[in-house]
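Open the model in your viewer, set it to cartoon, and keep the selection box handy. We will go from the whole chain down to single side chains.

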Amino acid sequence: MPVRPWSPEDLGRPTDGTWADVAFGLGETYEREGRLEQAAGWYRRAAESGSADAALRLGAVLGRMADAGADHAADELLAEATRWLSGAQDATTPDAIELITATLNRQMRQAARRGLEPAPAG
């Protein structure tokens, strides 16, 4: 899924270089409150504006959402998390490597669960 760059003009806001910071801050606030869907939305906006930190936080939040979600939704969330984490500018920092490793482990657990599910009778 290609990612369309997002800019403040999309909402009629001025471009002063701080919009990504505001979006990132809102993502942090929602994440602290445990409102992961809202956090992901704001982190996504900041990441689309070029914030490497937001891309990493978005990957982490999507991973947490995958842990809490249904299997089919988890696969999609983990795929998106992987795209954001692998494309982050700071993907070689220890924190980023830890997030990428955690996401890969989540994907392996999902695959193992699918392998243990009984095949549909038919």
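Here is a tour in six stops, each with something to select.

**Stop 1: the whole chain.** Keep in mind that this is a predicted model. Colour by secondary structure and you will find five helices and zero strands, so the order from the N terminus reads simply α-α-α-α-α. Of the 122 residues, 35% count as buried. Switch on a surface: about 7,400 Å² is exposed, with carbon and sulfur atoms supplying 55% of it. Among contacts with a separation of 6 or more, 51% join residues 24 or more positions apart.

**Stop 2: residues 20–53.** An unreviewed UniProt entry annotates this stretch as "repeat: TPR". Selected alone, the segment is 82% helix and 0% strand. Put a distance label on its end C-alpha atoms and you should read 10 Å.

**Stop 3: helix α2.** Now narrow the selection to residues 36–48, the 13 residues of α2. From first C-alpha to last the helix reaches 18 Å, close to the 18 Å expected at 1.5 Å a residue. Which of its residues are buried? Show Leu36, Ala39, Ala40, Gly41, Trp42, Tyr43, Ala46 and Ala47 as sticks, for these are the ones. An α-helix has 3.6 residues a turn, so residues three or four places apart point the same way. Just after α2, click on Gly50, which takes a positive phi of about 105°.

**Stop 4: Ala54.** Move on to helix α3, residues 52–68, where Ala54 lies. Is Ala54 buried or exposed? Ala54 counts as buried because its relative accessibility is 0%, under the 20% cut-off. Beyond its neighbours within four places in sequence, Ala54 is in contact with Phe24, Tyr43, Ala46 and Ala47. Phe24 is 30 residues away in sequence, yet the two C-alpha atoms are 6.1 Å apart.

**Stop 5: the largest nonpolar core.** This core has 22 residues. Select Ala40, Tyr43, Leu58, Val61, Leu62, Met65 and Trp84, the members with the most contacts inside it. Helices α1 (19–32), α2, α3 and α4 (71–87) each supply at least two residues of this core. Zoom in on Leu62: setting aside neighbours within four places in sequence, Leu62 is in contact with Ala40, Arg44, Leu77, Glu80, Ala81 and Trp84.

**Stop 6: a second core.** Finally, select Leu56, Ala60, Leu85 and Ala96, which are included in a second, separate core of five residues. In soluble globular proteins, nonpolar side chains tend to be buried together.

Note on methods
Residues are numbered from 1 along each chain as its sequence is written. This is a predicted model: local features need pLDDT of at least 70, side-chain atom pairs count only at pLDDT 80 or more; totals for chains, interfaces and linings use all residues. Side-chain values use heavy atoms; hydrogens and water are left out. Helices (H or I, at least four residues) and strands (E, at least two) are DSSP runs, numbered from the N terminus. The expected span of a helix is 1.5 Å times one less than its number of residues. Buried means under 20% relative accessible area, exposed over 50%, partly exposed in between (1.4 Å probe, protein chains only). Contact means heavy atoms within 4.5 Å. Accessible areas come from the Shrake-Rupley method with a 1.4 Å probe; for residues, only the protein chains shown count as cover. UniProt positions are given in the numbering used here, feature names are shortened, and annotations may be inferred rather than shown by experiment. A nonpolar core is a set of buried Ala, Val, Leu, Ile, Met, Phe, Trp, Tyr and Cys residues joined through side-chain atoms within 4.5 Å.
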